[in-house]
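Reader: Hi! I've just opened my first protein model and I'm a bit lost. Could you walk me through it?

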Amino acid sequence: MSKRDYYDVLGLQRGATDGDIKKAYRKQAMKYHPDRNAGDEEAAARFKEAAEAYEVLGDAQKRQVYDQYGHAGLGGPFQGGGFQWSDFTHATDFEDIFSNLDDVFGGGILGDLFGRRGGRRGPQRGEDLRIPLRLTLEEIASGVQKRIRFARMDRCDTCAGSGARSGAAARTCSVCNGMGQVRQATRSLFGQFVNVTTCPQCNGEGKVIGDRCSDCGGEGRAKKTVSLSVNIPAGVTDGNYIPLRGQGSVGPRDGTAGDCMVLIEEAEHEHFERHGNDILYELPISFSQAALGAEVTVPTLNSRAEMKIPAGTQSGQVFRLKGKGIPELNGYGTGDQLVRVMVWTPARLNEEEKALFRQLADFENVQPPEGGKGLFDRMKEAFGA
């Protein structure tokens, strides 16, 4: 029987990209794999056909020959070898059967889909910890050294992390013979499948403790509170983290330690609002200050600064204090402090103040311009802003 076109097998058009080919083959392999279609001969044939198509189309050289000469070019004078399904059916181990497919499924991912598992060997690694650290904008702007306290699993002082009572020795696991892994072989239409899993008796360590430490119950570790110093560079932001390698919990029975991740949390500031490396401060000013101009003092992250309000300043205008913001993290330059002025309207006036405002209202120069589209631009142009 003549073979189907490889592009039709994978549901592709000629000119498909390498990514399209891999994606199409992954879909076919998952759908027709024998482990998911036990006893279904048609599915087995489809799986074989898809693998054959990918073997050719997934190889740039073979694909070029196939595009030019079709099936006749494979295994003939134009191309040596071609696809050999016997390479699969004669395999004796699961890894051999799917070794040429790992580039599609990402190595161990294929085993997770179809039942294979990688067994862990040796002591287990300890847990990673995440410790939140709240910082003020002032601390972020200057950088700071902080001391943190947290609980983690440390080696048991009584058994020095072995998990065994003093003088007692661990014995080799009788289930895995010290390998830390157990293998279970099954046979199928495509050969022998070997499933490798962590030994349930020793949890992958290869040894079993009979006489356990009374203080840690054989874990080889106990909870302790520790204090560590952390250097925080200037310019960090909410969500950044500082990794402290090997400062997490230790694993059971001399397992290596995990890491401690110090997660930065930025505290809300009373006066400033952060925008990247710039900070915003809103400054209320009076009618007279806006109209006549004024010298004012504003707070900054590390001190105070003098700034000039020019005559005719409009409410909402923003002024910039160069270099008064947040430094660039691990880089060069510093953000600015933006000062947005807001003209404050008094809510309560006595009779004398009301009379003065009525007099001002009669002067043409204190009347606002007409509203409408482009008002803000017209005001900037009028006042030279």
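**A loop arginine and beyond**

Author: Happy to! Let's begin with Arg253, which sits in the loop that links strand 9 (250–251) to strand 10 (255–257). Keep in mind that this is a predicted model.

Reader: Okay, which backbone oxygen does the side chain of Arg253 reach?

Author: That of Gly218, at 2.7 Å.

Reader: And which residues is Arg253 in contact with, apart from its close sequence neighbours?

Author: Setting aside those within four places in sequence, Arg253 contacts Pro123, Gly161, Ser162, Gly163, Glu205, Ile209, Gly218, Glu219 and Gly220. So Gly218 turns up in this list and also supplies the backbone oxygen we just talked about.

Reader: What about Gly255, where is that?

Author: Gly255 belongs to strand 10. Its relative accessibility is 0%, so Gly255 counts as buried.

Reader: Which residues touch Gly255, leaving out those within four places in sequence?

Author: Pro123, Gln124, Arg155 and Val250 do. Pro123 is also on the contact list of Arg253.

Reader: How far apart are Gly255 and Gly126, in sequence and in space?

Author: They are 129 residues apart in sequence, yet their C-alpha atoms are 6.4 Å apart in space.

Reader: Nice. Can we zoom out for a second? How many helices and strands does the protein chain have?

Author: The chain has twelve helices and 17 strands.

Reader: And how much of the chain is buried?

Author: Of its 385 residues, 38% are buried. As for contacts, take those with a separation of 6 or more: 65% of them are between residues 24 or more positions apart.

Reader: Let's do sheets. What is the strand order in the open sheet of three strands?

Author: The order is 1-11-8, and the pairing is mixed. Strand 1 (129–135) and strand 8 (241–244) are the edges, each pairing on one side only. On average, neighbouring strands here are turned by 25° against each other, ignoring direction.

Reader: How do strand 1 and strand 11 run, parallel or antiparallel?

Author: Parallel, with seven bridges joining them. Within that pair, Leu133 is opposite Ile264 of strand 11.

Reader: Is there a residue in strand 11 worth a look, and what is its relative accessibility?

Author: Try Val262, which is found in strand 11 (residues 260–266). Its relative accessibility is 0%, so Val262 counts as buried. Beyond its neighbours within four places in sequence, Val262 contacts Ile131, Leu133, Ile148, Val230, Asn240, Tyr241, Ile242 and Leu244. Val262 is also 5.9 Å from Arg130, C-alpha to C-alpha, with their places 132 residues apart in sequence.

Reader: And the sheet with four strands, what order is that in?

Author: That open sheet goes 12-13-17-16, with mixed pairing. Strand 12 (273–275) and strand 16 lie at the edges and pair on one side only. Its neighbouring strands are turned by 30° against each other on average, direction ignored.

Reader: How many bridges are there between strand 16 and strand 17?

Author: Four, and strand 16 pairs with strand 17 (residues 337–343) in the antiparallel sense. Arg320 has Leu338 as its bridge partner, and Val318 is opposite Arg340.

Reader: Which side chains of strand 16 are buried?

Author: In strand 16 (residues 318–321), Phe319 and Leu321 are buried and point to one face, while Val318 and Arg320 point to the other face and are not buried. In a regular strand, side chains alternate between the two faces of the sheet.

Reader: What joins strand 14 to strand 15?

Author: A hairpin of four residues. Strand 14 (residues 294–299) and strand 15 (residues 304–309) pair antiparallel over six bridges, and Ala294 is opposite Ile309.

Reader: Last topic, helices! At what angle do helix 3 and helix 4 pack?

Author: At about 100°, with the axes of helix 3 (residues 41–57) and helix 4 (residues 60–69) 6 Å apart. Angles from 65 to 115 degrees count as roughly perpendicular, so that is how these two helices are described.

Reader: Which residues meet there?

Author: Glu55, Val56 and Leu57 of helix 3 meet Lys62, Arg63 and Tyr66 of helix 4. The contact has three nonpolar residues, three charged ones and no polar ones.

How values were computed. Residues numbered from 1 in each chain as written. Predicted model: local features only at pLDDT ≥ 70, side-chain atom pairs only at ≥ 80, totals over all residues. Heavy atoms only, no water. Buried < 20%, exposed > 50% of the residue type's maximum accessible area, 1.4 Å probe, protein only. Pairing = 2+ DSSP bridges. Axes fitted to C-alpha atoms, helices over the stretch in contact; angles between N-to-C directions. Parallel < 35°, antiparallel > 145°, perpendicular 65-115°, else oblique. Contact = heavy atoms within 4.5 Å. Nonpolar A, V, L, I, M, F, W, Y, C, P; charged D, E, K, R; others polar. Polar contact = N/O pair within 3.5 Å; in protein donor to acceptor, adjacent residues only side chain to side chain.
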